[in-house]
Amino acid sequence: MVHLKSQREIGRLRESADLVGRTLAEVARHIERGTTLQELDAIAEDYIRTHGAEPAFKGYQVGDNVFPNTLCTSVNDAVVHGIPNDYALQDGDLLSIDCGAKLNGYYGDWGYTFAVGSIDDEDAALCRTTYESLLEGIDQAVAGHRVGDISNAVQSYCEERGFSVVRDLVGHGIGRSLHEDPQVPNFGKPGQGRRLKPGLTICIEPMINRGTAQVNTASDGWTVRAADGLPSAHYEHMVVVRDEEAEVLSDFGYIEDVIDPPYETDVLTETTTR
Ligand code: MG
Ligand code: MG
């Protein structure tokens, strides 16, 4: 069931999105060669709890699998859902971090792919294309369009540039639950799927691979990896469907006040304001 949010609820969601942003900024300060994924996770959990919220992913259950940490940390060929461990970051790594927090009953959930030190040109192109495809998807998140318009915008933008779209995982509605209807795939046909209405709040989150779109889940039950071992990127924004132009609740500016983005930002301009 789809629940359209009131302005009050959207205000709550913006506060949750902001807390995720401030958490990711704190994490970003420590992303460098030698830092372990567990160290980043501890920073995030401490920050979220200190600010009166709960980590959204810790304890999240799918079947018998319980996610054990605050952040999802997915390095290089890991697409999403990586469990923070004692891996120490190396120059040239791509690090996708997904962060969720529950504040005053409402969830924030968004993520960003970071470059550790300098990355190669192909990885930079992957990050740029993934990020820009997210903006293309957001452009379609207006009332009267359909979910498939978002999906197709992301898919065509990435595939035209030689990258592949992971199909096993999708974006989603968000509110008092972390994952609400509708599902928001990163692939699909324009004009198909649920019609978008003002006040619908969704997470759009392209997961894009340099090589094959095929993925495998690791034996830990969570970490999703590209089947060919090539790098993957993931950017996620929280978005409100509006009549004229989508409103973006999450703000990458929190992160980009701390680090230089791995993509060039002069191509498209985000509509987000803080
Ligand atoms: Mg999400
Ligand atoms: Mg997420």
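User: Before we look at a cluster of rings, when do two aromatic rings pair?

Analyst: Good place to start! This is a predicted model, and a pair of rings is described by the distance of the centres and the angle of the planes. Rings of Phe, Tyr and Trp, for Trp its six-membered ring, pair if their centres lie within 6.5 Å.

User: Which residues do ring pairs link into a cluster?

Analyst: By this rule the model has eleven aromatic pairs. Ring pairs join these residues into a cluster: Trp 110, Tyr 112, Phe 114, Tyr 131, Tyr 235, Phe 252 and Tyr 263.

User: Are the rings of Phe 67 and Trp 222 stacked or edge-to-face?

Analyst: Let's check the angle: planes over 60 degrees apart count as edge-to-face. The centres of Phe 67 and Trp 222 are 5.3 Å apart and the planes stand at 90°, so this pair is edge-to-face.

User: How many residues apart in sequence are the parts that Phe 67 and Trp 222 tie together?

Analyst: Both Phe 67 and Trp 222 are buried. Phe 67 belongs to the loop between strands S3 and S4, while Trp 222 belongs to the loop between strands S13 and S14. The pair therefore ties together parts whose separation in sequence is 155 residues.

User: And the rings of Tyr 131 and Tyr 263, are they stacked or edge-to-face?

Analyst: Here the planes are at 5° and the centres 3.8 Å apart. Planes under 30 degrees apart count as stacked, so the Tyr 131 and Tyr 263 pair is stacked.

User: Where in the chain do Tyr 131 and Tyr 263 lie, and is Tyr 263 buried or exposed?

Analyst: Tyr 131 is in helix H3 and Tyr 263 in the segment after helix H5, 132 residues apart. Buried means under 20% relative accessible area. Tyr 263 has a relative accessibility of 4%, so Tyr 263 is buried.

User: Which ring does the charged end of Arg 161 sit over?

Analyst: There are charges over rings here too: the charged end of Arg 167 sits over the ring of Phe 187, 4.7 Å from its centre. For Arg 161, the distance to the ring centre is 3.6 Å, and the ring belongs to Tyr 157.

User: What is the order of the strands in the open sheet of five strands?

Analyst: Strands of a sheet pair through backbone hydrogen bonds, either parallel or antiparallel. In this sheet the pairing is antiparallel, and the edge strands S10 and S17 each pair on one side only. S11 and S16, for example, pair over four bridges. The order is S10-S9-S11-S16-S17.

Note on methods. Residues numbered from 1 in each chain as written. Chains lettered and ligands numbered in written order. Predicted model: local features only at pLDDT ≥ 70, side-chain atom pairs only at ≥ 80, totals over all residues. Heavy atoms only, no water. Helix = DSSP H or I, 4+ residues; strand = E, 2+ residues; numbered from the N terminus. Buried < 20%, exposed > 50% of the residue type's maximum accessible area, 1.4 Å probe, protein only. Lys NZ or Arg CZ within 6 Å of the ring centre and 35° of its normal. Pairing = 2+ DSSP bridges.
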